[in-house]
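Open the structure in your viewer and keep the selection tool at hand. Each stop below says what to select and what is there.

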Amino acid sequence: ERGDYRHFMLKEIFEQPRAVADTLEGRIAGAHVVPESFGYGAPEVFQRARSVVLVACGTSYHAALVARYWIESIAGLPCTVEVASEYRYRKHVVPTDALFVTLSQSGETADTLAALRLAKESGFAATLAICNVPESSLVRESDLVLLTHAGPEIGVASTKAFTTQLVALLLLTLALGRAQSLDEATEAAMVTILRTLPTKIEAVLELDARIAALAETFVDKQHTLFLGRGEQYPIAMEGALKLKEISYIHAEAYPAGELKHGPLALIDDQMPVVAVAPNNSLLEKLKSNLEEVRARGGQLYVFADRDVPMSEEDGVTVIRLPETDDLLDPIIFTIPMQLLAYHVAVLKGTDVDQPRNLAKSVTVE
Ligand code: M6R
């Protein structure tokens, strides 16, 4: 039921504080992630793991890309990520004691399921599915499972499934990390931060009216660039996917450092550029990339932390987000990307919940 919401997508965006809280529920004891949440035998699997391979499609693939940063920097394990439709059709070297992880809202995506079956044949130490549908094929066929508790997602454009996948991936990172070399105190500090997430999402949702107004400037555009660095690069990719999927505006994401290797040629005063700019160690690098855009007349829309020193000037619009911790930034900065795509689509009058040519669950390749 849509209730008072005009579209399922909007309802699902606003359900995220609840969906995230439900996904954390029961998976944390005191200040620690409970490894058994991933299933019987998970603690041993996590101890033995020497690397992680993540495979998924679409938005779920973007969640996997964010997780690579976490798994390598927090859990200290090498991690590779690939789209399932590529993974399933090439020859692999299967690393010894590697954990194979699939991510899927539906658990029925044909390519992801085929990749899982291939992984089982090719000798991975264990398989884990992070999935939103308990009775799905992916869940049935994996050794370990962590369910995202997003609840049914009706809108074709994935929203709450994505943010709950990111939560599940943070839980995985901490459980894996503890089984490796992450110390107890660091885990406890991160869990404390994670518990604040539903409240932080509530706060960022208050930007809705501001973003609805901003959407007007995108309606008549043909193209948009999205920029991010580090774990915000996959968030830029997710922002671009949402926009193209429901508003049919061509959108591309680039890691900001790649600008001068080609896409800078596209910049003129007709080109809106959306940047994801939390106040982290990469901010100064990102700012100099944005300066390159501004100098060429590009229209900049910067989603920034409250304390990012950046002023609004000609061609620069800054949208301030409520303060949060670095660990949560990819999740928090996703919300305005979802709202922007939603409001642009509404203004364009497209079928938000059922965009043309797309299906909610891609069960054929
Ligand atoms: O059910 P899955 O998570 O496996 O689906 C994967 C993609 O088909 C899905 O994320 C798709 O990209 C969405 N429409 C994105 O909004």
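Is Tyr248 buried, partly exposed or exposed, and why does it count as that? Select Tyr248: its relative accessibility is 28%. Buried would need under 20%, and exposed over 50%. Tyr248 therefore counts as partly exposed. Bear in mind throughout that this is a predicted model.

**Stop 1: the loop around Tyr248**

Stay on this residue. Tyr248 sits in the loop that links α12 (232-247) to β9. Check its backbone: phi is near 65 degrees, a positive value, and the residue is not a glycine.

**Stop 2: the five-stranded sheet**

Move on from the loop to β9, residues 250-255. This strand belongs to an open sheet of five strands. Read across the sheet and the order is β9-β8-β10-β11-β12, with parallel pairing. Now select β9 and β12 (316-321) together: each stands at an edge with a single partner strand, so one side of each has no neighbour in the sheet. From one strand to the next, the twist averages 20 degrees.

Next, pick β8 (residues 223-228) and β10 (residues 272-277). They run parallel and are joined by three bridges. For a residue pair to display, take Leu225, which is opposite Val273 in β10.

Add helix α11, residues 208-215. The helix packs on the sheet and touches β11 (299-305) and β12. Compare directions: α11 makes about 160 degrees with β12.

**Stop 3: β11 and β12**

Hide the helix and keep these two strands. β11 and β12 run parallel, and six bridges join them. Label Val302 and find Val318 opposite, in β12.

How is β12 placed relative to the rest of the structure, and why? Five of its six residues are buried, so β12 is largely enclosed by the rest of the structure. β12 is thus an edge strand with a single partner in the sheet, yet it is largely enclosed because five of its six residues are buried.

**Stop 4: β5 and β6**

Select strand β6, residues 126-131. Six of its six residues are buried, so this strand too is largely enclosed by the rest of the structure. Show the side chains. Ala126, Leu128 and Ile130 point one way, while Thr127, Ala129 and Cys131 point the other way. All of them are buried.

Bring in β5, residues 98-104. It runs parallel to β6, and six bridges join the two. One pair to label is Phe100 with its bridge partner Thr127 in β6.

**Stop 5: the ligand**

Now select the ligand. Which residues come nearest to it? There are 15 residues around the ligand, and the nearest are Ser60, Ser104, Gln105, Thr109 and Glu245.

Draw three distances, each to an oxygen atom of the ligand:

- Ser60: 2.6 Å from an N or O atom in its side chain.
- Gln105: 2.7 Å from a backbone N or O atom.
- Thr109: 2.5 Å from an N or O atom in its side chain.

Then turn on the surface. On its own the ligand has 410 Å² of accessible area, and the protein covers 90% of that.

**Stop 6: Asn357**

Finish in the segment after α14 (329-348), where Asn357 is found. Asn357 is not a glycine, but its phi is positive, at about 70 degrees. Its relative accessible area is 76%, so Asn357 is exposed. Set it beside Tyr248, which at 28% counts as partly exposed.

Conventions
Residues numbered from 1 in each chain as written. Predicted model: local features only at pLDDT ≥ 70, side-chain atom pairs only at ≥ 80, totals over all residues. Heavy atoms only, no water. Pairing = 2+ DSSP bridges. Helix = DSSP H or I, 4+ residues; strand = E, 2+ residues; numbered from the N terminus. Axes fitted to C-alpha atoms, helices over the stretch in contact; angles between N-to-C directions. Contact = heavy atoms within 4.5 Å. Near = heavy atom within 4 Å. Polar contact = N/O pair within 3.5 Å; in protein donor to acceptor, adjacent residues only side chain to side chain. Areas by Shrake-Rupley, 256 points an atom, 1.4 Å probe, with all protein chains shown as cover. Buried < 20%, exposed > 50% of the residue type's maximum accessible area, 1.4 Å probe, protein only.
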